[in-house]
Amino acid sequence: MIIGLLKEPSGENRVALLPENVKTLIALNVELIVESQAGTAAFTTDFEFEKAGAKIGQRRDVLSADLVLGINPPTDPELEDLKAGQVLMSAFQPLSNKDLVEQLMALEVTSFSMDNVPRTTRAQSMDVLSSMATVAGYKAVLLAASNSPRFFPMFMTAAGSIIPSKVLVLGAGVAGLQAIATARRLGAVVEAFDVRTAAEEEVKSLGAKFVKVEGATDDKSAGGYAVEQSEEYKAKQQALIQEHAAKANIIICTAQIPGRKAPVLITQETVGNMAEGSVIVDLAASTGGNCELTENDRVVQKHGVTIIGNSNLASTMPLDASKMYGKNMVNFLKLLIDAEGKLNLNWEDDILANTCVTHAGEVMSSRVKNILFQTETA
């Protein structure tokens, strides 16, 4: 089997595999062809890929491989050139990209979306969402610190005492927990909010205070993701969050619901009540943002508050982010490759079945089917 590694589009600095991953895959009896300069933005040269055993080729060569992989999917015209039965692996957010899912169905391409890996114990080593969220949560705090006019820690100096910054983290998933840990290491006083009751213990274990709103809906079948809440709960949530947000110097927004617009947790009025010089970093910017004033991929100032809308902070740390993504990818590929280096689509494997979005013109993932096509099947 020939595996092709794509170069990512402009603005994306990561690469889906590093040379160390290439060595592992070649040991599984497959061939790899890497698009020229695929790793340049991640500080990895073509020579390093060749040294690891890969061939360097042009984009058209990569797109003709048996299995094509990347972080972002190919462009629409490139997809049209894929042949039925080819395998595509990337992270294309199928729950919010119905047109792409339908296109892949029509082309009869077998597609795996790495951001659709089930969140189970066995699949942890393949979970790119968690890996990239770790990077984003860490970088969000550093970004906030570099844009803040205040110190994070408390200082006792001859020039007087400096009080610590107050940080509020909205959403205590992987990104939120990493943000809490990083802010605490920098010496800030940290509070965190999450609708999932299971998050309270994790937040407290990191030394932060948990902002609890009673009456949340906690759906165990959601696989660890947050779910839509009742209007009554949203009203209580809004009031309590606004109270804590107005007192915060830094807010890190990470709350998202798969397949839906991000919940608005910080209103324009709240931003107006925050101290000038405060900073909001909104990791949910690409799905609308947790802050009402967030603009995706932009840094804006409103009411003296700096609002940073960036849902792809992992791209700003491309070397380690690529290292983590590549390891996740290799662990997943091991499920697809048999002892002879051939493709093995074992649909009895729950990880493969749930990560696969389309195969032979059909939607395979029950999660994608239930969320994306539930109206049509109702």
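1. Start with Glu108. In this predicted model, Glu108 is partly exposed, with a relative accessible area of 41%. The residue sits in the loop between helix 5 (98–107) and strand 6 (110–113). Its phi is positive, near 60°, and Glu108 is a residue other than glycine.

2. Asp297 deserves a look as well. Its phi is near 60°, again a positive value in a residue other than glycine. Asp297 lies in the loop between strand 13 and strand 14. Buried or exposed? Asp297 has 59% relative accessibility, so it counts as exposed, the cut-off being over 50%.

3. Now the sheet. Seven strands make up an open sheet with mixed pairing. Their order is 11-10-9-12-13-15-14. At the edges are strand 11 (209–211) and strand 14 (298–302), each pairing on one side only. From one strand to the next, the twist averages 20°.

4. One pairing can be followed in detail. Strand 9 (residues 166–170) and strand 12 (residues 250–253) run parallel. Four bridges join them. Among the residues involved, Val167 has Ile250 of strand 12 as its bridge partner.

5. Next, helix 6 over the sheet. Helix 6 lies across strand 12, strand 13 (279–282) and strand 15 (305–309). Relative to strand 13, helix 6 runs at about 155°.

6. Helix 6 also packs on helix 7 (residues 174–185). The angle is about 35°, and the axes are 7 Å apart. The crossing of helix 6 with helix 7 is right-handed.

7. Which residues of helix 6 and helix 7 meet? From helix 6 come Ser130, Ala133, Thr134, Gly137, Tyr138, Val141 and Leu142. From helix 7 come Val174, Ala175, Gln178, Ala179, Thr182 and Ala183. By class, this contact has eight nonpolar residues, five polar and no charged ones.

8. Gly137 merits its own point. This glycine is found in helix 6 (residues 128–147). Gly137 has 0% relative accessibility, so it counts as buried, the limit being under 20%. Leaving out residues up to four places away in sequence, Gly137 touches Ala175, Gln178, Ala179 and Leu283. Of the residues of helix 7 that meet helix 6, Ala175, Gln178 and Ala179 are among them. Between Gly137 and Gly173 the C-alpha to C-alpha distance is 9.6 Å, with their positions 36 residues apart in sequence counted as the separation.

9. Helix 7 has twelve residues. How far does helix 7 reach from its first C-alpha to its last? The span is 17 Å, close to the 16 Å expected at 1.5 Å a residue.

10. Why is helix 7 described as largely enclosed by the rest of the structure? Nine of its twelve residues are buried, so the description follows. The buried residues are Ala175, Gly176, Leu177, Gln178, Ala179, Ile180, Ala181, Thr182 and Ala183.

11. What do the buried residues of helix 7 pack against? Helix 6 is one of their partners. Strand 9, strand 10 (189–193) and strand 12 take part too, as does helix 8 (199–205). Strands 9, 10 and 12 also belong to the seven-stranded open sheet.

12. Last, the residue to check after helix 7. Gly187 follows this helix. Its phi is positive, near 95°.

Technical notes
Residues numbered from 1 in each chain as written. Predicted model: local features only at pLDDT ≥ 70, side-chain atom pairs only at ≥ 80, totals over all residues. Heavy atoms only, no water. Helix = DSSP H or I, 4+ residues; strand = E, 2+ residues; numbered from the N terminus. Buried < 20%, exposed > 50% of the residue type's maximum accessible area, 1.4 Å probe, protein only. Contact = heavy atoms within 4.5 Å. Pairing = 2+ DSSP bridges. Axes fitted to C-alpha atoms, helices over the stretch in contact; angles between N-to-C directions. Left-handed = near helix turned anticlockwise from the far one by under 90°. Nonpolar A, V, L, I, M, F, W, Y, C, P; charged D, E, K, R; others polar. Expected span 1.5 Å × (residues − 1).
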